[in-house]
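Visitor: Could you take me through one part of this model up close? I'd like to start with a pair of packed helices and then see what lies around them.

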Amino acid sequence: MPRETANSHPVARSGLASVFVPGLGQFLLGERYRGVGILLGFLLILGTTAWYGEPFWYASPILIWVWNIWDAVSLAGGRARSILLPLAFGLAAAYGIGWQVVEIDFSKANVDRAIAILRPMARPDFVQPRREVNQMWVPVQVPCSSEPPLARREDEGKTAFVMPDCGGVGETLIVSASGLWPNAETNIYWQNPIGNPLMLGEGEITMLTLTSDENGAVTAAIRVPSTALVAAPDPTLPQFHRVYFEQYRPTGGYELSFIGNEVLKGALATVSMALLATGLAMVFAIPLSFLAARNLMGGNPVTYAIYVVVRTLLNILRSIESLIIAIIFVVIVGLGPFAGMLALALHSVAALGKLYSEVIEGIDPGPIEAIRATGANWLQVVRYAVIPQIVPPFTAFTIYRWDINVRSATVIGLVGGGGIGFLLIELIRVNNMRGVSAVFIAIAFIVIVLDYVSAKLRERLV
Amino acid sequence: MPITRIVRNALITALVIAAFIVSLRVTEADFPRLFRDLPKGKDLLTAFLTPDVFTREVETRTISIAFPIPCGSAPTESLLPSDGPRLVPSVNCAAPLETFTLQGFDLQPNSEVVIRWRLPDGRTMTAIRTQTDANGYFTYDVQARPIQSSVDGVPSRLEVDTLTPVGGLKPSQALKDVMDNMFVTIFMALLSTTLATIIAAPLSFLAASNITRKGCVGTVVYYIFRSFFNLMRSYDPLVMATVFGFWLSFGPFPGFLALTVVTIASLGKLFSEAVENIDPGPLEALQATGAPPLHTVRYGVVPQIVPDFISYIIYHWDINVRISTIIGFVGGGGIGYYLNLSINDFKWNQAGTAIWAIVIVVWAMDFLSAEIRKRLT
Amino acid sequence: MLQIQNVSKTYPNGTQALKNVSFDVKDGEFLVVIGLSGSGKSTLLRCINRLIDPTEGKIIWDGVDITAAPPAELRNIRRKIGMVFQQFNLVKRSSVMTNVLSGRLGYVNPWMSLLGIWPAEEKQRALEALGRVGIADKAHNRADALSGGQQQRVGIARALMQDPKLILADEPVASLDPVLSHSILQYLEQLNKEGITVICSLHFLDLVHRYATRVVALKDGVKVFEGTAQEIDRAKFKEIYGEEAQEVRAASL
């Protein structure tokens, strides 16, 4: 019988099989992995396309299906086709769909806004020149009552007044002060009755800053801020607001700014959280790791069952990010570093437990045998053959975990877990990019330094 | 043991203990509170363990009667039916906050019952839930809640929904939403890893000492890229995402960009180390055959680094899936965003669904990436 | 004819690896360079194909000054000079075939080879080269799946692909055991008999006696001996290798 006829039957059969179920033809021809792989890949792409529902992308599973028939027919003739082609179809669909799902749109990347964010970041708010303040304020009634009192105030040789004596929201007032420091920059801002400062500069988002004349006097035309009455219980009731004049002058030297101080506190909390979490995790992970070591627990069905349960629990816990665990602890113990620390600790118990148990599984039985051969008892065997083998790797893994925990601790504050992340999100909310910049510098400093320290410590251990 | 060593060890121990004491104070650790308030977490955990995955299709039937509050403000129901599904209040009108008994007859048996008030202006209030017995009967003591009296002679009405499960189980809305968002998460990781690879691969050569660190300019370039990678790598993608989210407003796009930037640094560092670790022997051999420079790279460098590169890329895809599950907490979109919303709305069962989805996907990625990397080496 | 004229090499860190070395190599010779580790053998061989640029002196091959050749011409010269290395210098993760084919990079179409596409006759040639060193059946294995001796044979096959007139062998057997050493050197001897000039650096004196037609000895970068292997007596040996040296025979290891 000629070869062609011998082959024509499997050709038709495998081709047909692959028409109905992708990969079946290949499977029947003995290429099992290939067949299953084709089917799974096809279903994955089909499912993805179907879920997303953009008809155009159905081209990809269809092309893979066509290729699969071609491959089955070729394979029956003894020659497999390169899988690069269907891989390319699949990836094209994946990237195309992904592009739309992730809403990638580089035109949204507004450069002006980026510059507006980055410019203040170039001047991190960490330290400030030591300076003294010269302050003056004058009350002004908003809105006007029928007989507004005189908006004029005198204090320590300084005089400030507002004309007219009262105003409504958006109305223009002339504010003036004299007796201030001469030729000095003077910030002028509004303060509502509950003590919140409001800006008077352009668009009410910048500080109005003027320079006093040689006699120490400034005069400016301002508008009553549009948000002046937002917090008022009754906007028709006249209340006293204040207009502040503030001058600063350096007295030499530098001091930590308010934000800088907060950043330091946050950094300390972050490192402490990580340290405490690691210590706590170690205490719980060590006994658990013995229960999760196969070579110790594999002996009889009961201990093996314990091994499986502990291992599974550790594995599940390990795949839940500490950030998610933190949410639960925030509910239990409230916002703050304690919640973050507990979350880090719980996640670390799982991570360390697994690493420790692998160390125990990997110990060399040789020394145990040797010590036992000297006539040592069980405790002596543990003390001289087991502990020396596990202590250095345990310590190394613990230090490594501390390093990782410091990184995680920087973000756990983002969900209310305290530390520097909490400060970061607060600063972003109030648009204080100079403060954000200080936080970024602090994070880089902490992480890089601890990275280095932990690498050095681990180097010494091994 | 020499005395200096004892002193040194004692000093180190004291330092460590001091560090822990400071940490205890700084983190405001309050362990009694943890144990006291642990029950608060019970509901949460129970909800997480019973994720909202399947629902049954529910048939809702509604019947209602007019019920004026106070009496006389509007006409009462003229005639109550005596058979069929019907509601029978013990009084047919009541003063505000007066309690009366409401009975239901011949309703759907074994069904959930929702009792509520429909106010004259169409709003509804106070859903009480109870259950009908096998005969479709229920009884419940209801308080006359609508304090607002009847308007223009239109009385408040008592409405009763009976909810009967019909048909089989089907995926709940939460499951669908979770899948939608998980989809975004996985693609966010895939695309950011891809973009980061495209950018990091060429840059990594600039940060490899054996390639770049030659001459004055080369050394400067080497140190610039090396420091850039080290600096960017020290930020968690979530920290980065806060700033990108602030810049581009919320959604998956800023999350994608933040992830990309950090991955560029991280991959760039790993890639440059792979380039630094290549065996220079083959390069020498190829030069000796008279091969052009580009070919020396193609046949001498590329085959040595490609397996490492692929291994690192897959490893990072794994990590990025993990991170993109939570990047939504800071406005990055994806499943984290959904989880955050569910938690803020106290929809713990929905949150449970999302958390289980995260566990499964992270697990699967972990397994897949480990398997593929094992095959590569 | 290869003429080495007053070649010196000083590395940027100040080490003087070669000091005013001169000798000639006639076509068809099997010249062995001996000396202690660090005596400048490797530097000398690498100066010949200018993997290392000599600081002074000239190297002239068939009337062409290698030391003065511009890059393009240098590549043309290099493709006529095969080189075999102590550490084999194979790309371990590439296949044996690719490693052997890469010896041909100086000849083939640069664009196609950049894409990894090779003409059928080059593949045939590579199989023949592998056949000559006795490992044609390993063509599609990964290079790191081979033993040390087999890897060195791949290295020789790669040099053969260049269709060389001269082969530089830098300690080709230093990483191999004595039996394999002989088999590798026999391949080089065979090539030498077919008319290819071989310059080889070696450690063991008994191998020198067995294969060399002429010997050059270096000590601290200076040529201390030139002649046949038989002319190396005990005194000469002590001069080359130092007072404490004992002659060790490769076969006795």
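Guide: Quick bit of groundwork: a helix axis here is a line fitted to C-alpha atoms over the stretch in contact, and angles run from 0 to 180 degrees between N-to-C directions. Keep in mind, too, that this is a predicted model.

Now to chain A. Helix 7 of chain A (residues 258-291) and helix 11 of chain A (residues 337-361) have axes that come within 6 Å and cross at roughly 40°. Angles under 35 degrees count as roughly parallel and 65 to 115 as roughly perpendicular, so helix 7 of chain A is oblique to helix 11 of chain A. As for handedness, helix 7 of chain A passes helix 11 of chain A in a right-handed crossing. And what sort of residues make up the contact of helix 7 of chain A with helix 11 of chain A? By class, that contact has 21 nonpolar and six polar residues, with no charged ones.

Let's zoom out a notch. The domain assignment splits chain A into domain 1 (3-101), domain 2 (127-256) and domain 3 (259-461). Between the C-alpha centres of domain 2 and domain 3 of chain A there are 53 Å. In secondary structure, chain A comes to 15 helices and nine strands. Its radius of gyration is 36 Å, well over the 23 Å that the globule rule gives for 462 residues, so chain A is more spread out than a compact globule. Along the principal axes, the C-alpha atoms of chain A fill a box of roughly 115 × 75 × 40 Å.

Our two helices also turn up at a chain boundary. Of the two pairs of chains that touch, chains A and B have the most contacts between them. That contact takes 51 residues from chain A and 49 residues from chain B. Helix 7 and helix 11 of chain A are among the elements that each supply at least two residues of the side of chain A that touches chain B, and others include helix 13 (378-412) and helix 15 (433-461) of chain A. By class, this side of chain A has 39 nonpolar, six polar and six charged residues.

Across that boundary, chain B has twelve helices and seven strands. Chain B's radius of gyration is 34 Å, well over the 21 Å from the globule rule for 377 residues, so chain B too is more spread out than a compact globule. Its domain assignment gives domain 1 (56-169) and domain 2 (173-376), and the centres of these two domains of chain B, taken over C-alpha atoms, are separated by 59 Å.

So where does chain C come in? No contact joins chain A and chain C; their closest C-alpha atoms lie 16 Å apart. Chain B does touch chain C, in a contact that takes 19 residues from chain B and 22 from chain C. On the chain B side, helix 9 (281-288) and helix 10 (293-324) each supply at least two residues, and helix 10 of chain B gives the largest share, eight residues. By class, that side of chain B has ten nonpolar, seven polar and two charged residues.

Notes. Residues numbered from 1 in each chain as written. Chains lettered and ligands numbered in written order. Predicted model: local features only at pLDDT ≥ 70, side-chain atom pairs only at ≥ 80, totals over all residues. Contact = placed C-beta atoms within 7 Å. Domains from an automatic or database assignment. Helix = DSSP H or I, 4+ residues; strand = E, 2+ residues; numbered from the N terminus. Nonpolar A, V, L, I, M, F, W, Y, C, P; charged D, E, K, R; others polar. Parallel < 35°, antiparallel > 145°, perpendicular 65-115°, else oblique. Left-handed = near helix turned anticlockwise from the far one by under 90°. Rg over C-alpha atoms; globule rule 2.2 N^0.38 Å.
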